[in-house]
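Please explain how the side chains of this protein are arranged, beginning with a buried residue and moving on to the aromatic rings and the surface.

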Amino acid sequence: MTGEAPAALLQRCWGESPAIVGVGLVAPERTLSNVVCFACRTQLQREFPHLAWITAGTLVPGAVLVDECAWRDPASDLYDWDSKLLALQSPRGWVLVLPAGDPLSAVEALLQVLTRYQRLAPRLNAGSRDEAFLSALALHRTLHDLNKPLVRADYEHALDVWQWVLRLDPAAGRALQLAALFHDIERIASEPDQRIEQHAADYQAFKTAHAEVGAHLAAVTARAAGVDEADCSRMQQLIAEHEQPAQPSRAPEAELLGDADALSFFSLNSRGFSDYYGPDHTRRKVEYTLGRMSRRALGYLSQMKLALDVQAHIAVSGRASVVAPRPQEMA
């Protein structure tokens, strides 16, 4: 296991280093009580313990400033925010929120921002610092033609699911993290230029077949990266089962992978999914995805900035209370 700092390690083995180097509020610390400062740090570090925190009196050079009022505006476009935040992939920098009033409310907005862009600030643990995992991470990137929009979306989703796994279980093992990374590898071959899932007569059967084929491809790829047989076998089993509905008999790791995949759909992909497929299939996808989620995962939906049409689909599903928006976010 390497002792290198995460940024240097990712740069050496993956070709990229974290784009978000730290987060905070544009509010001089002297204007905040010690209790508020402690509460802000605690709330942030509970979900993103690897990120540095500051309170700044003025904008830090190179930082992206998120105005809380603009972020919470239901008319604000997630694609506009994407272009602003993804610009950090070139010059690394800070993400700072300008509070609308209550600093704790601003930290909630900051957590929403980080939830959408957590792939720009990847965390590692003992399982992902391993050279075999890092080799698999590098190989995973080479498999994706990022000039193809659908392939890029799958690649970013894979990174995001990996980060959701570590957020849900900071001690997640290597096999589970590899399963998160490679769970949709089947789509590189079947849907790189055009999606076909909307034509499936039996959606669960379609997704189950996708998982089973992908599990085999993932195991072959991980072996090529030098991952040991025990982790390859466990990863293959997890991927093969990751599209199953939530049920009491589901193994903890399988539940966690299913939750991470579902959470990434809502936090990262649901807006683009809706635009690509339209309302009918999006409604089916939302209902299907909610059915895969544990009660713990459902609780995270209230911490996301969701497009209004996605919120409406969740409301139709009968789970509106899970993602009840703040008053200022209601249209």
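In this predicted model, His-313 has a relative accessible area of 8%, and because buried means under 20%, His-313 counts as buried. The residue belongs to helix H15, which covers residues 308-316. Which residues is His-313 in contact with, leaving aside its neighbours within four places in sequence? They are Pro-279, Thr-282, Arg-283 and Val-286.

The aromatic rings come next. Rings are paired here if their centres lie within 6.5 Å, and by this rule there are eight aromatic pairs in the model. One of them is formed by Trp-71 and Trp-81: the ring centres are 5.3 Å apart and the planes meet at 70°, and because an angle over 60 degrees counts as edge-to-face, the pair is placed in that class. This pair links distant parts of the chain, since Trp-71 lies in helix H3 (residues 68-72) and Trp-81 in helix H4 (residues 78-86), 10 residues apart. Are these two rings buried or exposed? Trp-71 is buried, with a relative accessible area of 1%, and Trp-81 is buried as well, at 7%. Trp-71 also has a charged partner: Lys-305 lies over the face of its ring, at 5.5 Å from the ring centre.

A second aromatic pair consists of Tyr-276 and Tyr-277, with 4.9 Å from centre to centre and 75° between the planes, an edge-to-face arrangement. With a relative accessible area of 39%, Tyr-276 is partly exposed, whereas Tyr-277, at 16%, counts as buried. Both tyrosines belong to one aromatic cluster, together with Phe-265, Phe-266 and Phe-273. Within this cluster, Phe-265 is accompanied by a charge: the charged end of Lys-285 sits over the ring of Phe-265, 5.2 Å from the ring centre.

The last step leads to the surface. Which residues make a nonpolar surface patch of about 210 Å²? The patch is made by Leu-59, Leu-65 and Leu-98. Leu-59 lies in the loop between strand S2 (52-56) and strand S3 (64-67). Its relative accessible area is 42%, and because this value falls between the limits of 20% for buried and 50% for exposed, Leu-59 is described as partly exposed.

Key
Residues are numbered from 1 along each chain as its sequence is written. This is a predicted model: local features need pLDDT of at least 70, side-chain atom pairs count only at pLDDT 80 or more; totals for chains, interfaces and linings use all residues. Side-chain values use heavy atoms; hydrogens and water are left out. Rings of Phe, Tyr and Trp (its six-membered ring) pair if their centres lie within 6.5 Å; planes under 30 degrees apart count as stacked, over 60 as edge-to-face and the rest as tilted. Helices (H or I, at least four residues) and strands (E, at least two) are DSSP runs, numbered from the N terminus. Buried means under 20% relative accessible area, exposed over 50%, partly exposed in between (1.4 Å probe, protein chains only). A charge sits over a ring if NZ of Lys or CZ of Arg is within 6 Å of the ring centre and within 35 degrees of the ring normal. Contact means heavy atoms within 4.5 Å. Patches are made of residues with over 30% relative accessible area and no salt bridge: like charges are joined within 9 Å, nonpolar side chains (Val, Leu, Ile, Met, Phe, Trp, Tyr) within 5 Å. Accessible areas come from the Shrake-Rupley method with a 1.4 Å probe; for residues, only the protein chains shown count as cover. A salt bridge is a side-chain nitrogen of Lys or Arg within 4 Å of a carboxyl oxygen of Asp or Glu.
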